[in-house]
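Open your viewer and get ready to make a few selections. We will walk from one part of the fold to the next, with a short stop at each.

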Amino acid sequence: MTVPEQALLPDPLLPHPGGPRLLADIGVTHARFALESAPWQLAQATTLNCRDYDSLQAVVSAYLDGIPGDRPRHAVIAIANPVQGDEVRMTNRDWHFSIEATRRALGLDILLVVNDFTAMAMSLPHLARADRLRIGAGGEPGSGVIGLIGPGSGLGVSGLIPAAGHWVTLGSEGGHVSFAPGNPRELDILRHAWARFGHVSAERLLSGPGLELIWQVLAGAAGGAAPSAAQIVAQALAGQAQALDAVDTFCGMLGSAAADLALTLGASGGIYIGGGLVPQLGRQLAQSPFRARFEDKGRFSDYVKRIPTYLVLSQDLSLKGVSAILDQQLRMLHGDAVLLDRVRSALPGMSPASQRVARLLLSQPHGFVQDPIAAIARNAQVSQPTVIRFCRALGFPGLLDFKRKLASGLSSSIPLQHSQVKAGDRTPDLSAKVLDNTASAILRLRDTVDAQAVAQAIRLLRAAHRVEIFSADEAGGVCLDGQDKFLRQGIPTAIYAGARMEQAAARTLGPQDVVVAVSHSGAQSALLDATTAARQGGAAVVAITRADSPLAQGADVCLAVDAVAQDAVQSSMVSRILQLLMLDVMALGAAMAGRRPAPAAPEAGAAPE
């Protein structure tokens, strides 16, 4: 898979259209801030001591209060902590915060909070040659997955996956896989670690504390005092034999773990070694057993020998990484980004006719969405089949699917993400979260709806003699609303009170009848029994439910409604809205399909037929 360089590297000469962006890297001790006016053009760099503030909001506010001019609207913060969902509780500092509440309190349009190792991973495609040192031979890096492993106070593991012109970071806790010794000496070290910890993860040994443990075992002082990891590294660089032995053993273990990561990810783009510990070794890593152990993979040695390995030398990559993360997020939300960048990057390799379509699209993206195919072909001076071939070359079945994806990027300004509603939320935050979550779910449904399934459902409704709406109990109100809509459009529709009546009605249905089955979970046995009976009689079943549910699997057509929420109550509420929308689409589609289009008015000066 090739990732076009143009799609990954923003133009450093163009200022950000939304004004400067706030970039931050918050560690255990220090919080570093900067304003980015254009890609990687930083100003107002400041470092604050975290101990002077009682919350993340307080330290960010202190920085913002000290800068001149208007406040930034967009911000991204890297923290030395896992980030899973809206609530974050920092492990190395007594800070606990909601990302959404913090965004509102700081007056930001967008606030992203990411793990610092994820930020470091996102910086890798942008490394200068001076920022990395090649370790060993290996082939040239490919355009595929990149792996990152970083010993520090723990062991960070991540990866970058190329996808449609941008990078996707791999959230991972790979540092906690079980440690595997590579020789009897390492087995002896593992036995000492087993005695102390029980389960021994890779992080127990491939980290600062792990290096200290290795030194203790090799020195015959297991359980006793040991120099700090930084002292052991300094002694090894000075040539002290005992420290050098511990460091070489550590590097050999790291080589095996890095090769495991390369095999797991298929990391043809290379493996990078970062973190806070190994970069201190510098060229000593190249002289250690690291690369020999990396290539020692038995039957797959030839495979890993082709993968290059690099030591990350710079210790200041987090801000560059968060810059890339925020830029990618904003470009995906606000338009011309992913899809139009794909067109730009593919333009030189297109045929002359397709290039004319591409240039029309790039110059008038909104007009491209609104114009019919005849107008697009006329304005681009190509045939209509050329427009279709252009869309298919970009991976779309036709012009309609291409337009829908393009319109999604040009119009969407709401992040497609979920903010957890909590019992302690203030009324403004509660209202905003519920509305944002619902709006996000609607946009997600718009972007993922299966147009062919909708068309098939409308055809079934148009041809049906009888339409019955079955539901699980929680969708009863939705079905009443659906019946009202269908009846208003002239579609004979019945609903029933309770599962027993639905099952009885199902047994009377035949080949020209349709059941519309509505359910949030799609797993209720009574509803499944009723739809099965209807299908056995020859009736068609249209399911409005989760795509992975038993109801969906047993239906003739599924209009997938997959509400994303961490709270079961709100998930059901959002699902209800989506179900209503799908019934609206079906009712209006069936009604419009029965209407003859009005004849087009003749163009001025045209002779009548």
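Before setting off, keep in mind that this is a predicted model.

**Stop 1: a mixed sheet**

Which order do the strands of the open sheet with mixed pairing take? Its 5 strands run in the order E3-E2-E1-E4-E7. Colour E3 and strand E7 (110-115) first: these two stand at the edges, and each has a single partner strand, so one side of each is left without a neighbour in the sheet. Turn the sheet in your viewer to see the twist, which averages 15° from one strand to the next.

Now select strand E2 (residues 30-38) and strand E3 (residues 41-49). They run antiparallel and are joined by 7 bridges. Within this pair, Leu35 has Ala43 of E3 as its bridge partner. The hairpin has 2 residues between the strands, and here Trp40 takes a positive phi near 65°.

Next, add strand E1 (residues 21-26). It is joined to E2 by 6 bridges, and the two strands run antiparallel. Click on Leu22 and look across: its bridge partner in E2 is Leu35. Leu35 is thus worth a label, with Leu22 as its bridge partner on one strand and Ala43 on another.

To finish with this sheet, show helix H4 (residues 116-123). It lies across E1, strand E4 (74-79) and E7, and runs at about 95° to E7.

**Stop 2: Asn49**

Stay with strand E3 and zoom in on Asn49, which has its place in that strand. What lies 3.0 Å from a polar atom of the Asn49 side chain? It is the backbone nitrogen of Arg51. Leaving aside residues up to four places away in sequence, Asn49 touches Thr29 and His30.

**Stop 3: helix H9 and its crossing partner**

Select residues 241-265, which make up helix H9. The helix has 25 residues and reaches 36 Å from its first C-alpha to its last, close to the 36 Å expected at 1.5 Å a residue. Look at both ends. At the start of H9, a side-chain oxygen of Gln240 comes to within 3.2 Å of the backbone nitrogen of Gln242. After the helix comes Gly266, with a positive phi near 60°.

Now bring in helix H5 (residues 184-197). H5 and H9 pack at an angle of about 95°, with their axes 11 Å apart. The two helices are therefore roughly perpendicular to each other. Show side chains for Arg185, Glu186 and Ile189 of H5, together with Asp245, Thr249, Gly252 and Met253 of H9, as these make the contact. By class, this contact has 2 nonpolar, 2 polar and 3 charged residues.

**Stop 4: a parallel sheet**

Move along the chain to another open sheet, in which 5 strands take the order E15-E14-E16-E17-E18 and the pairing is parallel. Which strands are at the edges? They are strand E15 (493-495) and strand E18 (557-560), each pairing on one side only. The twist here averages 20° from one strand to the next.

For a closer look, select strand E14 (residues 466-471) beside E15; the two pair in the parallel sense over 3 bridges. One residue pair to label is Val467 and its bridge partner in E15, Thr493.

Then show helix H21 (residues 451-463). This helix lies across E14, strand E16 (513-518), strand E17 (540-545) and E18, and runs at about 125° to E18.

**Stop 5: helices H23 and H24**

For the last selection, pick helix H23 (residues 499-506) and helix H24 (residues 525-536). Are they parallel or perpendicular? Their axes come within 8 Å and cross at roughly 10°, so H23 and H24 are roughly parallel to each other. On the H23 side, the contact is made by Ala499, Glu502, Gln503 and Ala506. H24 brings Ala526, Leu527, Asp529, Ala530, Ala533 and Ala534. Colour these residues by class and you will find 7 nonpolar, 1 polar and 2 charged.

Note on methods
Residues numbered from 1 in each chain as written. Predicted model: local features only at pLDDT ≥ 70, side-chain atom pairs only at ≥ 80, totals over all residues. Heavy atoms only, no water. Helix = DSSP H or I, 4+ residues; strand = E, 2+ residues; numbered from the N terminus. Expected span 1.5 Å × (residues − 1). Polar contact = N/O pair within 3.5 Å; in protein donor to acceptor, adjacent residues only side chain to side chain. Axes fitted to C-alpha atoms, helices over the stretch in contact; angles between N-to-C directions. Parallel < 35°, antiparallel > 145°, perpendicular 65-115°, else oblique. Contact = heavy atoms within 4.5 Å. Nonpolar A, V, L, I, M, F, W, Y, C, P; charged D, E, K, R; others polar. Pairing = 2+ DSSP bridges.
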